[in-house]
Every structure is written in structure tokens, then in C-alpha cells.
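Student: Please show me the structure. I would like to work through some of its contacts with you.

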Amino acid sequence: MDFDLPGLLEARGGEGYDLTGRYLNPQLPRMLHAIGFDHPYQRAEGAYLYDAEGNRYADFLAGFGVFAAGRNHPVIRKAVHDVLDADLADWVQFDTPLLPGLLAERLLARAPGMERVYFCNSGTEAVEAALKFARYATGKRRVLFCDHAFHGLTTGSLSVNGSAEFRKGFDPLLPDAWIALGDLDALDRELRKGDVAALIVEPVQGKGVHIPPPGFLAAASDLLHRHKALLICDEVQTGFGRTGKYFGYQHEDVEPDIVTVAKALSGGVVPVGGTMAKGWIFDKVYSSMDRVLVHDSTFGSGAAAMAAGLASMAVIDDEDLVGNAQRTGDALRTALQEMVDRYELLGEVRGRGLMIGIEFTKPKSLKLRTSWNMLQAARRGLFAQMVVVALFQRHRILTQVSGDNVEIIKLIPPLTIGDTEVKMFREGFMEIMEDASRGSGLMWDFGRTLVKQALRN
Ligand SMILES: Cc1ncc(COP(=O)(O)O)c(C=O)c1O
């Protein structure tokens with residue numbers, strides 16, 4: 001019997017919404033409907049999604065950061081077709097295939113000081129390995145993390161999550177402690193207890209786009225090493241040029257002990273994660289033949305994922321996407337920064353490269369404050385949601401609120417965008433801020449709908 005995928009897609013097209021509600025996560029279609037995002041896309045290319053009518057949507061969300069090189073990049077797709085056509089003997093398990101070695105070689109060349117890589121299938125798995133490696137290599141148990149931190153949602157990663165709403169109901173988790181991002185005194189206090197294996201930190205935080213103060217990573221690394229503890233930089237979101245450097249920690253003069261990667265390495269085609277570390281850490285974890293599989297995953301280092309990784313890194317280099325993220329990110333941030341003085345609802349624009357946070361703030365004028373307070377009374381974050389919905393419905397730009405209960409939206413478009421997309425975003429966002437600044441009208445009418453939904457939820 002032939003399995004006919006195109007036929008299946010044709011025959012059942014349009015059922016995704018119902019099937020998700022019935023068999024997967026019933027809250028997902030509900031939520032998408034509530035914010036008007038229940039929109040079927042038919043195809044995607046580069047920085048754009050297209051619906052059945054041919055309408056184009058600018059994707060400033062990039063699949064939560066996986067599409068650094070844009071969607072359906074021909075070079076990455078070809079690499080995956082080629083690897084399937086090569087009929088390789090994949091996942092023999094008791095062998096040493098070529099592609100993981102080649103990807104490790106290429107990856108490590110970008111992270112001087114890192115000497116080994118463990119490949120897995122997602123960001124959270126890369127973090128799980130980092131936590132285990134740090135605990136085993138130091139012989140200590142606690143891992144410190146920062147307020148607002150996000151490192152994934154499996155149980156180990158959740159133990160270093162800085163948002164109560166994710167952790168609630170899942171404890172007890174691993175022994176841990178959080179510090180405020182940038183608080184070296186708090187780090188010192190925790191380290192003096194003598195049981196800390198590591199601090200895990202995102203060079204730019206995904207939730208809220210918070211950046212550690214200048215010099216924090218380097219000072220934290222010194223402090224950690226004085227107490228024989230390790231610095232883990234989680235580059236799952238910031239890696240591969242997102243912040244305008246190859247890795248986000250490279251904005252500082254610091255050499256982490258462990259670095260986690262995922263998202264963009266996949267090219268948006270085959271999931272992959274990786275945990276890089278200094279050689280001595282791997283030597284301890286994999287210290288004898290008996291321990292050869294002490295940390296492993298059946299699907300790690302699969303040929304398709306490795307090929308996608310190699311092709312993605314080649315594209316990022318060939319198209320100078322790191323340099324483009326720096327230049328275009330600067331242009332976009334500057335354009336947004338210029339609006340901060342003009343609109344009282346706009347608090348701050350921050351970020352690095354093409355990882356940008358726009359934070360809204362309580363307005364001063366009475367007319368706006370009444371409307372703002374109405375939203376805040378129902379739930380924090382509704383104004384940001386209102387802007388996200390308006391960007392989508394009026395300007396066909398896809399963005400997200402950067403976390404629960406925050407008035408921050410986050411922009412993480414493909415690193416391929418240029419002047420056209422900067423102009424498009426600037427004009428769309430400005431129109432929305434003009435409208436919101438009137439304190440009444442369509443935007444705020446929709447705000448009232450969101451309030452009703454929030455109260456009903
Ligand atoms: C910094 C960081 N670490 C880890 C993760 C978890 O990655 P995944 O969703 O692939 O498990 C994420 C996901 O957003 C992330 O941003």
C-alpha cells in the first residue's frame with residue numbers, strides 16, 4: 001500500500017483546528033480564537049507566512065526562534081533531502097558516524113574554550129545534560145538560576161525556571177535557589193553555603209528580554225570558579241547570531257564552562273540540541289568504559305538533524321546573518337527608541353541584535369490611565385496582548401507577549417530581515433501607538449473584549 005502524504009493533506013486540509021481541540025491541547029484553539037490568531041497558513045518562505053488567499057504575514061516570532069535562516073531555506077532543505085537520499089546507516093548506536101563529529105567540529109570552532117559536545121533533540125534536553133554534567137563534575141547539588149529565567153519545561157529545567165506560574169503544582173523539584181539577574185552579592189551568599197554546582201544564565205533572557213548588567217557574566221564566572229562551581233550559559237535562544245554575536249555570552253569577555261544550544265541549529269527542519277563543555281567535565285562524566293552511556297538519548301546525533309545543523313551553520317556564515325542581526329537589530333531598535341519619548345505608554349525598548357523587547361508602562365495622563373487601569377485590574381499583560389493582536393490583524397505582523405503577566409512584547413524575526421521589514425514594523429507599530437494614545441476607539445474596544453475573556457477564564 002502506498003502512503004500518500006500529499007493526498008492526506010489535501011483530503012483532510014482545514015481539520016487541524018478541530019483535531020487539536022479534540023486530541024491535543026484543547027486550550028490552544030480556544031486561546032488562538034480569543035486573540036484572533038486562528039488563522040490557517042498554507043505555506044511559508046523566508047520571513048513570511050502565506051494564507052490560502054495569498055495574504056502575507058511577517059513572522060517576527062520565527063517559531064520561537066528556530067528560523068534564524070528564514071523558513072524553508074533551500075540550502076537547509078537540500079541538505080535534509082540529500083541525507084535521506086544517501087541511505088546512511090543511521091542510529092546503529094554501537095558505531096561512530098561521521099556527521100556528529102563534523103557538526104561538533106564546526107560548533108566548537110565557534111566557541112573557543114569548549115572542547116566536547118553532547119547532541120540531543122531539544123533545548124530542554126540540552127539543559128538537562130548541562131545540569132547533570134555540572135552536578136557530577138563538581139560533586140555538588142544545587143544549581144542557581146536568575147529571576148525570570150526560562151530553560152525549558154522538563155523537570156530538571158523546570159527546577160531552574162524563574163517564573164512561579166510554570167513551577168506551580170510540580171514540586172518538589174531539584175534543590176536550587178534563584179538570584180536577581182546581575183546580583184553578585186546574592187550569588188556570593190549562595191556560593192558560601194558550599195553546595196552550589198553551577199549558575200545557569202541566559203545571556204539575554206527570553207522572558208522579558210532582560211540583559212545582565214555589563215560585566216556580570218565575567219564577574220559571576222570568577223566568583224563561581226573561586227568556589228569550584230561552574231557557569232552554564234544557555235544559548236538555546238540567543239545562539240547562532242540572534243544577538244549580533246555568534247553566541248550571546250561573546251558580548252562579554254567570558255568563557256563559560258558549559259554552553260547549551262538548540263533552536264536555530266535545526267534550521268527549522270529537524271529538531272536538535274547540544275551541550276558543549278570543557279573537556280575535563282566530559283572526562284569526569286564519561287570517565288570509564290562502564291560509563292559510556294551514562295548520559296545518552298536514543299535519537300541524539302541522528303543524521304538528518306546533524307545535516308540540518310551543518311547546513312544551518314553554513315548558511316549563517318555564508319549569508320553573514322550574525323552581522324545582519326547586528327546591523328538590522330540596531331536599525332530596528334533605533335527606530336523604536338525614537339518613539340519612546342513620543343508615546344507615554346511606551347516605557348523602554350531594549351535588546352541585542354534581533355532579540356528586542358518593547359515594554360509598555362503606566363501612562364501619566366488621566367484619560368489613558370483610566371483605560372490602562374481597566375486592563376490591569378483584569379490581568380497584567382493585556383495591553384501588550386492588545387498591541388500583539390493589532391499588529392497581527394491590522395498589519396499582518398506576528399509577534400508575542402514576552403511571558404505571563406508582563407507588559408512586554410518580544411521581537412525575534414528571522415536574522416535575514418532587512419530595511420523593508422524594519423520600515424514595515426516601524427510604520428505598523430507607530431500607527432498602533434497613535435491609536436492607543438487616543439485612549440478610546442477600536443484598540444480599547446478590543447481591550448474591553450480581552451478584559452471580559454480574562455474575567456471569564
Ligand atoms: C533559553 C532557553 N532554554 C531552553 C529552552 C527550551 O527549549 P525547548 O523548547 O527546545 O525544550 C528555551 C525555549 O524557549 C529557551 O528559550
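Tutor: We will take salt bridges, then a sheet and its helices. This is a predicted model, where local features need pLDDT of at least 70, side-chain atom pairs count only at pLDDT 80 or more, and totals for chains, interfaces and linings use all residues. Residues are numbered from 1 along each chain as its sequence is written, and side-chain values use heavy atoms, with hydrogens and water left out.

Student: How many salt bridges does a search of the whole structure find?

Tutor: A salt bridge is a side-chain nitrogen of Lys or Arg within 4 Å of a carboxyl oxygen of Asp or Glu. Searching the whole structure for such pairs gives a total of 23.

Student: Which residue forms a salt bridge with Asp82?

Tutor: Look four residues away in helix α5 (residues 74-85), a separation of about one helical turn. Helices (H or I, at least four residues) and strands (E, at least two) are DSSP runs, numbered from the N terminus. The closest N and O atoms are 2.7 Å apart, and the partner is Lys78.

Student: Is Lys78 buried or exposed?

Tutor: Buried means under 20% relative accessible area, exposed over 50%, and partly exposed in between (1.4 Å probe, protein chains only). Asp82, at 35%, is partly exposed. Lys78 has a relative accessible area of 52%, so Lys78 is exposed.

Student: What is the N to O distance between Asp317 and Arg106?

Tutor: Their side chains meet in a salt bridge, at 3.0 Å. How many residues apart are they? The pair links distant parts of the chain, with Asp317 in helix α13 (residues 303-318), Arg106 in helix α6 (residues 98-109), and a separation of 211 residues.

Student: Which strands are the edge strands of the open sheet?

Tutor: Two strands pair if DSSP finds at least two bridges between them. The sheet has four strands in the order β11-β12-β15-β14, with antiparallel pairing. An edge strand pairs on one side only, and here these are β11 (346-352) and β14 (400-401).

Student: Which residue stands opposite Val401?

Tutor: Two bridges join β14 to the antiparallel strand β15 (residues 408-411). Opposite Val401, in β15, stands Ile409.

Student: What angle does the direction of helix α17 make with that of β12?

Tutor: Angles run from 0 to 180 degrees between N-to-C directions, with axes as lines fitted to C-alpha atoms, for helices over the stretch in contact. Contact means heavy atoms within 4.5 Å. Helix α17 (residues 419-437) packs on the sheet and touches β11, β12 and β15. With β12, its direction makes about 10 degrees.
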